[in-house]
Amino acid sequence: MGFFSDLFGNNQISDNIPAIMPTGAIDQINRGILPVMNTDKILMTKGEKCHFAERAILITEKVSKYYEGRSNGYSVKLTKHVTYRIGRNKGVPVEDVTQIKTKGLIYVTSKRIIFVADKNAFDKKCSTLTACVPYSNVVKLQFGTKTFTLMVLDGRIINDVVNMIVANS
């Protein structure tokens, strides 16, 4: 790292996600057994058990809209504070989409799915989960009309845990 990146920080978030989940717990999930994990990072209700905890990156999209183009015409000053504009604008609407990546921890308990982070954290009940779509290193969780895209080590593992929780409830 250079002097300025050490001084001002690096705004880029690496897509590398080191695993914190024990391999024994992942082996249990692969065999169809829900592991029970001890964690002191989240508060759980009576009877609630944590089955999955892993590092994740929440990906959100920010859309900024503006107009690009040209205008022609002229302005006529009528009085001291009144100006009349004559002309037209040939503007084209432009959308600029940027991805915002937020590092955090994803927890899947017997009752909730929790993403703990400085920004964009969420805590949703498993009963309100509409869809869980796994990919190789991403999982999409849909709660009603709100979709969360999480970059994880293996999206299939979270999908398996959620399916086992739904089957057991």
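## Helix α3

Helix α3 consists of 14 residues, and the distance from its first C-alpha to its last is 20 Å, close to the 20 Å expected at 1.5 Å a residue. The structure described in this report is a predicted model. At the N-terminal end of α3, Asp154 acts as a cap, with one of its side-chain oxygens 3.2 Å from the backbone nitrogen of Arg156.

Several residues of α3 are buried, namely Gly155, Ile157, Ile158, Asn159, Val161, Val162, Met164 and Ile165. These buried residues pack against one helix segment, α2 (23-30), and against the strands β1, β2 (83-109), β3 (112-116), β5 (131-134) and β6 (138-143).

## Asn159 within the helix

Asn159 belongs to helix α3, which covers residues 155-168. Is this residue buried or exposed? Asn159 is classed as buried because its relative accessibility is 12%, and the limit for that class is under 20%.

Apart from neighbours within four places in sequence, Asn159 makes contact with Cys132 and Pro134. Asn159 and Cys132 stand 27 residues apart along the chain, yet 6.2 Å separates their C-alpha atoms.

## The chain as a whole

The protein chain contains 3 helices and 7 strands. Read from the N terminus, the order of these elements is α-α-β-β-β-β-β-β-β-α.

The chain has 169 residues, of which 29% are buried. Among the contacts with a separation of 6 or more, 54% are between residues 24 or more positions apart.

## Two threonines of strand β2

Strand β2 includes Thr109. Thr109 has a relative accessible area of 0% and is therefore buried. Which side chain forms a polar contact of 2.5 Å with that of Thr109? The partner is Glu48. In addition, the side chain of Thr109 comes to 2.8 Å from the backbone nitrogen of Arg112.

Beyond its neighbours within four places in sequence, Thr109 has a list of contacts that includes Ile42, Met44, Lys49, Cys50, His51, Ile114 and Cys126. Glu48, already named as the polar partner, is also on this list. Another contact of Thr109 is Ile165, one of the buried residues of α3.

Thr102 also lies in strand β2. With a relative accessibility of 10%, Thr102 counts as buried. Its side chain is joined to the side chain of Asn120 by a polar contact of 3.5 Å.

## The largest pocket

How much space lies in the largest pocket? The volume is about 220 Å³. Its lining is formed by Leu58, Ile59, Thr60, Glu61, Gln99, Asn120, Ala121, Lys140, Lys146, Thr147, Phe148 and Thr149. Asn120 thus appears twice in this account: it is a lining residue of the pocket, and its side chain is the polar partner of Thr102.

Two strands, β1 (50-77) and β7 (146-151), each provide at least two of the lining residues. By chemical class, the lining comprises 4 nonpolar, 5 polar and 3 charged residues. Among the residues of the lining are Leu58, Thr60 and Lys140. Strand β1, which contributes to the pocket lining, is also one of the elements against which the buried residues of α3 pack.

Note on methods
Residues are numbered from 1 along each chain as its sequence is written. This is a predicted model: local features need pLDDT of at least 70, side-chain atom pairs count only at pLDDT 80 or more; totals for chains, interfaces and linings use all residues. Side-chain values use heavy atoms; hydrogens and water are left out. On a 1 Å grid over the protein atoms alone, a cavity is a set of points where a 1.4 Å probe fits but cannot get out, and a pocket is an open set with protein on both sides within 12 Å along at least five of seven lines; lining residues have an atom within 4 Å of a point. Grid points are joined across faces, edges and corners, and a volume is the space filled by probe spheres set on the points. Helices (H or I, at least four residues) and strands (E, at least two) are DSSP runs, numbered from the N terminus. Ala, Val, Leu, Ile, Met, Phe, Trp, Tyr, Cys and Pro count as nonpolar, Asp, Glu, Lys and Arg as charged, and the others, Gly among them, as polar. Buried means under 20% relative accessible area, exposed over 50%, partly exposed in between (1.4 Å probe, protein chains only). Contact means heavy atoms within 4.5 Å. The expected span of a helix is 1.5 Å times one less than its number of residues. A polar contact is a pair of N or O atoms within 3.5 Å; within protein, one must be able to donate a hydrogen and the other to accept it, and residues adjacent in sequence count only if both atoms are side-chain atoms.
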